[in-house]
Amino acid sequence: MTHEERLLAFRYLYPAARWPEDIALSDDGTGSRVTHWGLPGEQPTEAQLVTALPAARVRDAARRDLRECQLMLDERYRLFTRARATGNVADALDVQAEIRELLTYMEELRNAPDPA
């Protein structure tokens, strides 16, 4: 498991953990390892991390999609405002339809079931 995969799995299993106060990882070239464990209970085993990884990847992809959608939405709002300010009603209506589609998709992403 790579350092990035281990980090992704830990963030999935412990979403409220504060980094590096609760958990710290390092990779000195010989492999990723936990350098600090400040949460109650035992740290997860390698098998638990491997098991959590597919769901962590799904959640990470959904979060990336949301961030990308938010950037597109911000741009569409700027275009909408510009079209309205210049009196271009046709373009404003087109952009408004795109905004609605983006908002619907973002809502679907947010309401998707947890992959766990």
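**Helix crossing, a pocket and an aromatic pair**

Biologist: Happy to look at this with you! At roughly what angle do the axes of helix α1 and helix α2 cross?

Modeller: In this predicted model, helix α1 covers residues 3–13 and helix α2 covers residues 46–85. Their axes come within 7 Å of each other, and the crossing angle is roughly 85°.

Biologist: Are α1 and α2 roughly parallel or roughly perpendicular to each other?

Modeller: Angles from 65 to 115 degrees count as roughly perpendicular, and the axes here cross at roughly 85°. The two helices, α1 and α2, are therefore roughly perpendicular.

Biologist: Nice. How many nonpolar residues are in the contact of α1 with α2?

Modeller: On the α1 side the contact includes Leu 8, Phe 10 and Leu 13, and on the α2 side it includes Leu 49, Ala 52 and Leu 53. Charged residues also take part, among them Glu 5 and Arg 6 in α1 and Arg 57 and Asp 60 in α2. The full division is one polar, six charged and ten nonpolar.

Biologist: Let's move to the largest pocket. Which element gives the largest share of its lining?

Modeller: The largest pocket has a volume of about 170 Å³. Eleven residues line it, and those nearest its centre are Arg 59, Ala 62, Leu 109, Ala 112 and Pro 113. Two elements give two or more residues to this lining, α3 (89–111) and α2. The largest share, five residues, comes from α2.

Biologist: And how many charged residues are in that lining?

Modeller: Arg 59 is one of the residues nearest the pocket centre. Taken as a whole, the lining has seven nonpolar residues, no polar ones and, to give you the number you want, four charged.

Biologist: What kind of aromatic pair do Tyr 14 and Trp 37 form?

Modeller: The whole structure holds three aromatic pairs. For Tyr 14 and Trp 37, the ring centres are 5.3 Å apart and the planes stand at 80°, so the pair is edge-to-face.

Biologist: Where in the chain is Trp 37, and which strand holds it?

Modeller: The pair links distant parts of the chain, 23 residues apart, with Tyr 14 in the loop between α1 and β1. Trp 37 also touches Phe 10, Asp 22 and Ile 23, among others. Its own place is in strand β2.

Biologist: One last thing: which residue does a cis peptide bond join to Trp 19?

Modeller: Omega is about 0° at this bond. The partner lies in the loop between α1 and β1, and that residue is Pro 20.

Definitions and conventions: Residues numbered from 1 in each chain as written. Predicted model: local features only at pLDDT ≥ 70, side-chain atom pairs only at ≥ 80, totals over all residues. Heavy atoms only, no water. Axes fitted to C-alpha atoms, helices over the stretch in contact; angles between N-to-C directions. Helix = DSSP H or I, 4+ residues; strand = E, 2+ residues; numbered from the N terminus. Parallel < 35°, antiparallel > 145°, perpendicular 65-115°, else oblique. Contact = heavy atoms within 4.5 Å. Nonpolar A, V, L, I, M, F, W, Y, C, P; charged D, E, K, R; others polar. 1 Å grid on protein atoms, 1.4 Å probe; cavity = no way out; pocket = protein on both sides within 12 Å on 5 of 7 lines; lining within 4 Å. Points joined across faces, edges and corners; volume = space filled by probe spheres on them. Phe/Tyr/Trp six-rings, centres within 6.5 Å; stacked < 30°, edge-to-face > 60°. Lists of a residue's contacts leave out its neighbours within four places in sequence.
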